[in-house]
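Trainee: I've got the model open at my desk. Could you walk me through it?

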Amino acid sequence: MSRYLEMVDHPSHVKKLTMPQLQELAEEVRYELITKLAANGGHLGPNLGVVELTIALHKVFSTPHDKFVWDVSHQVYVHKLLTGRKDRFHTIRTTNGLNGFALRTESEHDCFGAGHAGTALSAALGMCAARDQKGSDENVVCIFGDAALTNGISFEALNNIAHTTKKFIGILNDNEWSIAKNVGAISNYLNKLITNPRYNKLHSDFERWLKGWGSKGELALRLGQKAEEALKGALSDVALQPNTNKDLTDGRGGASSSLIFEELGVRYFGPIDGHDLPLLTSVLEFAKTCDTPIVIHVLTKKGKGFEAALSQPEKFHGLGPYDAKTGATPASKPGTPPNYQDVFGQAMVKLCQKDNSIVGITAAMPTGTGLKYLEKALPTRYYDVGIAEEHGVIFAAGMATMGYRPVVAIYSTFLQRAYDCIHHDVCLQDLPVIFCMDRAGLSANDGPTHHGLFDISYLRCLPNVIAMAPSNEDELQDMMFTCTHVNHPTFIRYPRGGGEGVPVKDQPKLIEVGKAEVVQNFSKSQGKKVVLFGLGNMLKLAKQAAAELTSEGFDCAVINPRFTKPIDAACTEFFSRAADLVVTLEDHALMGGYGSSVLECLADKKISTPVVRIGWPDVFIEHASTVDYLREKHGLTVANTVAQVKAQFKDEKTIGLTAVA
Ligand SMILES: Cc1ncc(C[n+]2csc(CCOP(=O)(O)OP(=O)(O)O)c2C)c(N)n1
């Protein structure tokens with residue numbers, strides 16, 4: 001079936017194909033994406049949108065010599081298929097399989113890894129600067145989405161391009177969608193560009209500009225004219241419509257234009273149809289000859305070629321398994337506990353209905369965080385700031401100074417972007433911003449870019465922080481309610497996916513700040529005393545380990561610490577003095593995490609009880625099919641906890657009434 005895809009084991013093979021063959025290849029790639037991703041899911045929609053663009057890039061440029069820098073890099077599946085990874089493509093996002101993002105260690109064709117948005121323009125510009133320093137001749141092509149463009153770093157890079165290099169090729173892949181619909185003034189501006197009659201004027205400017213280049217300009221002009229000819233044809237197919245809207249004037253006598261790019265010293269070219277292969281290849285050929293920074297505005301359709309994905313761009317941005325024919329996704333099994341994100345979203349609506357000072361803020365993740373419930377129920381209390389975590393956090397700080405209780409709903413890993421804002425704008429001013437950190441723990445299929453394993457460490461060193469982790473979904477709601485009564489920055493971390501299945505109360509209750517919950521006290525049996533502090537979702541594991549240890553003669557206490565800052569020093573001291581061994585369990589990096597805070601507490605109080613810490617080791621944890629696989633591999637299991645406890649007592653003859661195994 002896949003006649004041409006079969007032939008492509010290296011991008012150089014793409015160059016050998018004729019235009020009709022490339023068009024066939026595009027169809028085959030689409031089929032491959034739709035059918036191979038169905039089993040495990042993935043970023044189907046964005047990849048269906050860049051099929052022609054990626055083929056054209058490989059037709060015109062030559063990786064690994066030339067560099068493709070993809071923003072977020074969730075749209076590199078086609079690139080993977082064309083760069084010698086098609087035989088492993090079905091393994092993408094699974095244990096030991098291909099990573100779902102660009103990964104330098106995976107292929108020489110992946111020159112820059114990513115997973116977080118907004119990094120591509122800076123990285124590509126750095127590569128251009130290095131190339132210029134070396135005097136080498138690589139083309140550096142940066143592919144960034146319309147939502148990635150709204151990110152602050154993208155603009156920081158754009159601000160620097162013209163005075164850093166003469167040769168920079170940017171491709172603005174505009175499909176009008178972030179994960180949800182793209183928001184904000186930049187998004188509106190791009191829409192104006194698409195529908196702007198001034199476009200034609202720009203192209204005559206462009207011609208004049210090319211003529212100034214002498215002999216090199218001649219070639220460029222020939223290619224440019226070819227491209228323009230093709231463009232004119234394409235434009236009617238794309239979105240160019242006469243623009244009669246007076247509101248779109250730009251204050252300079254013309255309609256709103258591509259001035260943002262042009263004023264930044266970057267030539268703007270477009271918009272062009274991103275599914276027209278001949279057009280794309282000729283425009284990219286032309287771009288190759290440009291000795292001035294250039295941005296090509298490419299219009300694509302997220303989900304192109306698959307009806308279900310076209311009609312539901314948000315769902316098909318990234319999803320689990322689906323039916324390759326209909327796009328239907330399996331319904332969750334009856335009795336499945338609700339996801340934390342849904343409990344969060346519904347609790348937000350309840351809290352906001354009772355307290356007018358509470359508002360919700362998301363950085364382009366209304367569905368992933370669950371804040372979409374608030375958007376629907378109380379739209380005026382909901383803010384989507386776009387992919388702009390730093391801005392979102394400082395925006396929240398601003399609102400807090402005016403008496404509001406902003407709740408920043410954010411993934412743990414994306415909050416890293418806003419670290420200085422947490423420090424300088426929220427904590428230093430001791431403002432009551434509430435951070436609800438979803439995905440605090442593993443995001444197994446995504447891998448290291450998305451695992452939220454560092455927030456306890458990076459927050460715990462900041463004064464004024466109050467940080468906590470619920471052990472179930474009801475406690476999440478209680479913690480949210482509690483945070484609305486605390487006049488300091490508060491942070492709640494909870495994992496991806498389902499809760500524990502406990503009922504969520506109608507009315508949340510206040511929790512005492514800094515107080516742990518004693519789940520199980522020592523039984524005063526003869527056995528060696530082990531206290532297990534199981535943080536957040538690890539409380540369940542602590543209970544299971546305690547049950548097993550108890551059956552082997554140990555006397556166990558189990559604590560739900562609730563707070564990672566301040567930790568409950570009195571409880572920690574009491575149980576650690578009483579115990580022969582302390583065990584801490586956390587779904588977080590061991591380095592600087594909750595266990596470290598217990599060690600510090602014990603050191604300060606001169607308590608010499610040994611401590612076993614269970615958590616993630618000091619490496620970036622890889623991606624895998626399941627959380628369970630990674631927990632097994634890295635020892636976050638009941639079996640390893642029990643084994644480590646027993647190892648502490650290996651020289652003892654008995655641990656109570658039973659002999660040590
Ligand atoms: C810093 C950061 N915040 C949020 C995200 C989550 N995220 C992944 S892709 C995406 C939308 C990207 O949209 P765009 O750049 O337009 O590319 P498209 O998916 O439309 O091709 C978002 C918000 C992220 N990866 N990084």
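Mentor: Sure, and pLDDT comes up right away: it is the predictor's confidence in each residue, from 0 to 100. This is a predicted model, where local features need pLDDT of at least 70 and side-chain atom pairs count only at pLDDT 80 or more, while totals for chains, interfaces and linings use all residues. Residues are numbered from 1 along each chain as its sequence is written.

Trainee: What is the mean pLDDT of the chain?

Mentor: Start with the share of residues that reach 70 or more, which is 89%. Over residues 226-256, though, the pLDDT is below 50, and that stretch has 48 contacts in the model beyond near neighbours in sequence (contact: C-beta atoms, placed from the backbone, within 7 Å). The mean for the chain is 91.

Trainee: How many helices and strands are there in the chain?

Mentor: Both are DSSP runs numbered from the N terminus, with helices being H or I of at least four residues and strands E of at least two. On that basis, the chain has 27 helices and 17 strands.

Trainee: Is Pro20 buried or exposed?

Mentor: Pro20 sits in helix α3, residues 19-37. A residue is buried with 20 or more other C-beta atoms within 10 Å of its own, exposed with 12 or fewer, and partly exposed in between, with C-beta atoms placed from the backbone. Pro20 has 9 such atoms, so it is exposed.

Trainee: And Ala26, buried or exposed?

Mentor: Ala26 is in helix α3 too. Leaving out residues up to four places away in sequence, Ala26 touches Val51, Glu52, Ile55 and Leu277. It has 23 other C-beta atoms within 10 Å, so Ala26 is buried.

Trainee: Why is helix α22 largely enclosed by the rest of the structure?

Mentor: Helix α22 covers residues 473-483. Its buried residues pack against α15, β9, β10 and β11. It is largely enclosed because of its 11 residues, the number buried is 10.

Trainee: Which residues touch the most other members of the largest nonpolar core?

Mentor: A nonpolar core is a set of buried Ala, Val, Leu, Ile, Met, Phe, Trp, Tyr and Cys residues joined through C-beta atoms within 7 Å. The largest one here has 181 residues. Leu532 is one of the residues you're after, and its contacts beyond four places in sequence include Ala542, Val558 and Leu585. The full list is Val69, Ala120, Ala124, Cys142 and Leu532.

Trainee: Which residues are closest to the ligand?

Mentor: A residue counts as near if its C-beta atom, placed from the backbone, lies within 6 Å. By that rule, 24 residues surround the ligand. The closest are Ala117, Gly145, Ala147, Ala148 and Ala364.

Trainee: Which residue does a cis peptide bond join to Thr63?

Mentor: Most peptide bonds are trans. In this one, omega is about 10°. The partner lies in the loop between α5 and β1, and it is Pro64.

Trainee: Val72 has a positive phi; near what value?

Mentor: Most residues other than glycine have a negative phi. Val72 is found in the loop between β1 and α6, and with 25 C-beta neighbours inside 10 Å it counts as buried. Its phi is near 65°.

Key. Contact = placed C-beta atoms within 7 Å.
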